[in-house]
Amino acid sequence: MSKVWIFDLDDTLHDASSKIFPSINQSMTDYVSQKLKISHHDAHDLRDQYWKVYGATLKGLIENHGVDPKEFLLSTHNAEELSKFVKQSHALENTLKRIKGKKIVFTNAPLHYAIAIIKSLNIQKYFSAVYSIESTHYNPKPSLYAFRKILRQLGKKAYQCIMVEDDLANLKTAYKIGMKTILVSKQNKKIIFVGKRITKITQLI
């Protein structure tokens with residue numbers, strides 16, 4: 001039975017922490033500050049609170065302030081500008097090329113951004129689908145709802161899937177529902193819900 005490889009995008013398939021995330025975080029704080037008419041300091045604190053409670057700033061803004069998710073995502077994820085920070089990697093392309101089985105991307109990022117980043121990496125041909133925050137009705141990983149929604153759309157059972165992620169909370173949910181798990185991280189602490197650990201994506205093969 002063929003496996004389905006489920007890849008996170010940011011900090012799994014490419015480096016987002018060094019330049020992309022700081023830019024997105026600043027844009028999100030600016031948006032919250034302007035939309036709710038609060039200081040940048042309060043906006044930052046509110047974002048942190050919503051991240052801890054809901055797993056994403058957007059979910060908290062929808063639940064508590066009725067923010068339009070499409071407006072928020074377009075305002076905070078300038079795909080044209082952010083994709084300029086992406087560095088293509090032949091090693092990444094070769095790794096994906098050699099992995100047997102269906103491959104998809106499952107990200108909490110918006111679709112327009114995810115597609116722009118994947119195209120900038122020149123790896124779009126290796127993925128049969130991209131599942132974004134819109135695909136889960138704005139319910140982010142690590143929620144069970146998000147994972148089950150994707151499985152239904154894939155028409156697959158959890159045990160048929162391998163989740164490749166840099167985020168432990170997301171891998172914990174994947175493991176809980178029966179997926180195999182691979183952590184992309186330099187940390188070496190043994191964790192029960194991590195099946196395999198690699199320091200970079202090219203070590204998959």
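This passage describes the β-sheet of a predicted model, two of its strands in closer detail, and one pair of packed helices.

The sheet is open and is formed by six strands in the order E3-E2-E1-E4-E5-E6, with parallel pairing. Strand E3 (129–131) and strand E6 are the edge strands, each of them pairing on one side only, and the twist from one strand to the next averages 20°. At the E3 edge, strands E2 and E3 run parallel and are joined by three bridges, and within this pairing Ile104 has Ala129 in E3 as its bridge partner.

Towards the other edge, strand E5 (residues 180–184) has four of its five residues buried, so that E5 is largely enclosed by the rest of the structure. Strand E4 (residues 161–165) pairs with E5 in the parallel sense over four bridges, and Glu165 is found opposite Leu183 in E5. E5 is also joined by three bridges to strand E6 (residues 196–198), again in a parallel arrangement, where Ile182 stands opposite Lys196. The connection between E4 and E5 involves helix H9 (residues 168–176), and these three elements together make a right-handed β-α-β unit. Helix H9 packs on the sheet, where it touches both E4 and E5, and the direction of H9 makes about 170° with that of E5.

Within strand E2 (residues 102–106) lies Phe106, which has a relative accessibility of 1% and therefore counts as buried, the cut-off for this class being under 20%. When residues up to four places away in sequence are not counted, Phe106 touches Ile6, Phe7, Asp8 and Leu9, together with Tyr131, Thr136, Lys141, Ala146, Phe147, Ile150 and Met163. Of these contacts, Tyr131 belongs to the edge strand E3 (129–131), whereas Met163 belongs to E4 (residues 161–165). By contrast, the C-alpha atom of Leu74, a residue 32 positions from Phe106 along the chain, is separated from that of Phe106 by 19 Å.

A helix pair was also examined. Two packed helices are described by the angle between their axes and the distance between the axes. For helix H1 (residues 20–36) and helix H3 (residues 57–65), the axes come within 12 Å and cross at roughly 10°, which makes H1 roughly parallel to H3. In this contact Met28, Val32 and Leu36 of H1 meet Thr57, Leu61 and His65 of H3, and the residues involved divide into four nonpolar and two polar, with no charged residue among them.

How values were computed
Residues numbered from 1 in each chain as written. Predicted model: local features only at pLDDT ≥ 70, side-chain atom pairs only at ≥ 80, totals over all residues. Heavy atoms only, no water. Buried < 20%, exposed > 50% of the residue type's maximum accessible area, 1.4 Å probe, protein only. Helix = DSSP H or I, 4+ residues; strand = E, 2+ residues; numbered from the N terminus. Pairing = 2+ DSSP bridges. Right-handed = clockwise from strand over helix to strand, strands pointing away. Contact = heavy atoms within 4.5 Å. Axes fitted to C-alpha atoms, helices over the stretch in contact; angles between N-to-C directions. Parallel < 35°, antiparallel > 145°, perpendicular 65-115°, else oblique. Nonpolar A, V, L, I, M, F, W, Y, C, P; charged D, E, K, R; others polar.
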